[in-house]
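Here is a short briefing to read with the structure open beside you. Take it one topic at a time, and look up each residue as you go.

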Amino acid sequence: MCLNVVRSTILGMGMAVPPKVLTNHDLEKMVETSDAWITERTGIKERHILEDGENISQYAIKASKEALERAGISPEDLNLIICATVTPDYLIPSLAVLVQEGLGASRAGAFDLSATCSGFVYALSIADQFVKVNPECKVLVLGAEALSRKTNWQDRSICVLLGDGAGAAVVGKSPKPSQKGIIDFILGADGSQWPLLTLKGGGSAFPPFDDRLPKEEYYIKMQGREVFKFATRVMERLALELLERNGFSKEDLDLLVPHQANLRIIEYLRDRLNLPKEKVFVNIDKYGNTSAASIPIALYEAEKKGGLKEGDLVLLVAFGGGFTFGGVLLRW
């Protein structure tokens, strides 16, 4: 018996970042650091930062509008909006609801997803399942972060890394399931590592203005060396497992799009997988680490720059605080 295979695919993408750029030279005036130090250790030259009076929702909406336009989908056609973020405008309402209202997507359900830097991969895998259950379903998947609002600008170990931005993708049924769409994904977590990357203040354990917690704990804190060890190990394992269990080799891969956390992590992964530079997309120099927005921004730019063509085998891999991690293998 012949069965019709349903596979989801990305129908259109969009991105938006604040116009304000914070360079390494700007940071030299704010904290004891230098352009050379930051570049050597992270690969970052600049990042985009929200200005006073701006919120990340406006950039999430802007990225979503572009993704819908490029997909040829109207807001009323959306069935679901999933927004991966750890820095929404408010705790209530969710960022996804603000996007829904901003788009006029009155028929769409909407919720936020908190998986830090792995958020877009998690959200994309959920969208994939919705489309497989209901092939007519159209899902808007977002990664949107305002990390500058959770940054201690006196902590040079973290303030040089982070940036703001949003990336969006419309996911729907693939018109060519044998040639285009999501092939497989892996999601994972290791909660035992949670102390390595934290933002303790502001939740229900330590509400705002709680005197029990030092002021520094209301900002993102990270043990960089240990995070590096975990990230390199888990992303290599994700990449190899996704390729091998689907019958592919490293040589079959056309493009690797990793989470843009640190250039050293990306280069270590490239070396371990023995991939040429042209097969690994990097834009961390322009945006820094934008957490859940990192992969959709990178994927958007890879397509715009001509680094992707129809039928390319693409691998997305990410890790983030928690720790969470995940990968998606797809045909473009």
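This predicted model holds one cavity of 30 Å³ or more. The volume of the largest cavity is about 30 Å³. Rolling a probe the size of a water molecule over the atoms shows where empty space is left.

**The cavity and its lining**

- Which residues line the largest cavity? They are Thr9, Ile10, Lys180, Gly181, Ile182, Leu330, Arg331 and Trp332.
- Three elements give two or more residues each to this lining: strand 1 (8–16), strand 8 and strand 13 (324–331).
- Sorted by class, the lining of the largest cavity has four nonpolar, two polar and two charged residues.

**The second largest pocket**

- The second largest pocket has a volume of about 210 Å³.
- Its lining is made up of Lys20, Leu22, Met30, Ile49, Leu50, Glu51, Asp52, Ser148, Arg149 and Trp153.
- How many residues of each class are in the lining of the second largest pocket? There are five nonpolar residues, one polar residue and four charged residues.

**The protein as a whole**

- If you count the elements, you should find 10 helices and 13 strands in the protein.
- The radius of gyration is 19 Å, and the globule rule gives 20 Å for 332 residues; the two values are close, so the protein is as compact as a globular protein of that length.
- Taken along the principal axes, the box filled by the C-alpha atoms is roughly 65 × 45 × 35 Å.
- Buried residues make up 55% of the 332 residues of the protein.
- Take the contacts between residues at least 6 apart in sequence: 76% of these join residues at least 24 apart.
- The protein has an accessible surface of about 14,500 Å², and 51% of that surface belongs to carbon and sulfur atoms.

**Gln179, in a loop**

- Where does Gln179 lie? Look in the loop between strand 7 (164–173) and strand 8 (181–189).
- Gln179 has a relative accessible area of 44%, which lies between the cut-offs of 20% and 50%, so this residue counts as partly exposed.
- Beyond its neighbours within four places in sequence, Gln179 is in contact with Gly311, Arg331 and Trp332. Arg331 and Trp332 also line the largest cavity.
- Gln179 and Gly311 are 132 residues apart in sequence, yet their C-alpha atoms are 6.0 Å apart in space.

**Ser64, in a helix**

- Ser64 has its place in helix 3, which covers residues 56–71.
- Is Ser64 buried or exposed? With a relative accessible area of 0%, Ser64 falls under the 20% cut-off, and therefore it is buried.
- Setting aside neighbours within four places in sequence, the contacts of Ser64 are Val99, Leu103, Leu140, Leu142 and Ala168.

**Glu267, in another helix**

- Glu267 is found in helix 8, which runs over residues 263–273.
- The relative accessibility of Glu267 is 33%, so Glu267 counts as partly exposed.
- Glu267 and Glu251 are 16 residues apart along the chain, and 17 Å separates their C-alpha atoms.

How values were computed: Residues numbered from 1 in each chain as written. Predicted model: local features only at pLDDT ≥ 70, side-chain atom pairs only at ≥ 80, totals over all residues. Heavy atoms only, no water. 1 Å grid on protein atoms, 1.4 Å probe; cavity = no way out; pocket = protein on both sides within 12 Å on 5 of 7 lines; lining within 4 Å. Points joined across faces, edges and corners; volume = space filled by probe spheres on them. Nonpolar A, V, L, I, M, F, W, Y, C, P; charged D, E, K, R; others polar. Helix = DSSP H or I, 4+ residues; strand = E, 2+ residues; numbered from the N terminus. Rg over C-alpha atoms; globule rule 2.2 N^0.38 Å. Buried < 20%, exposed > 50% of the residue type's maximum accessible area, 1.4 Å probe, protein only. Contact = heavy atoms within 4.5 Å. Areas by Shrake-Rupley, 256 points an atom, 1.4 Å probe, with all protein chains shown as cover.
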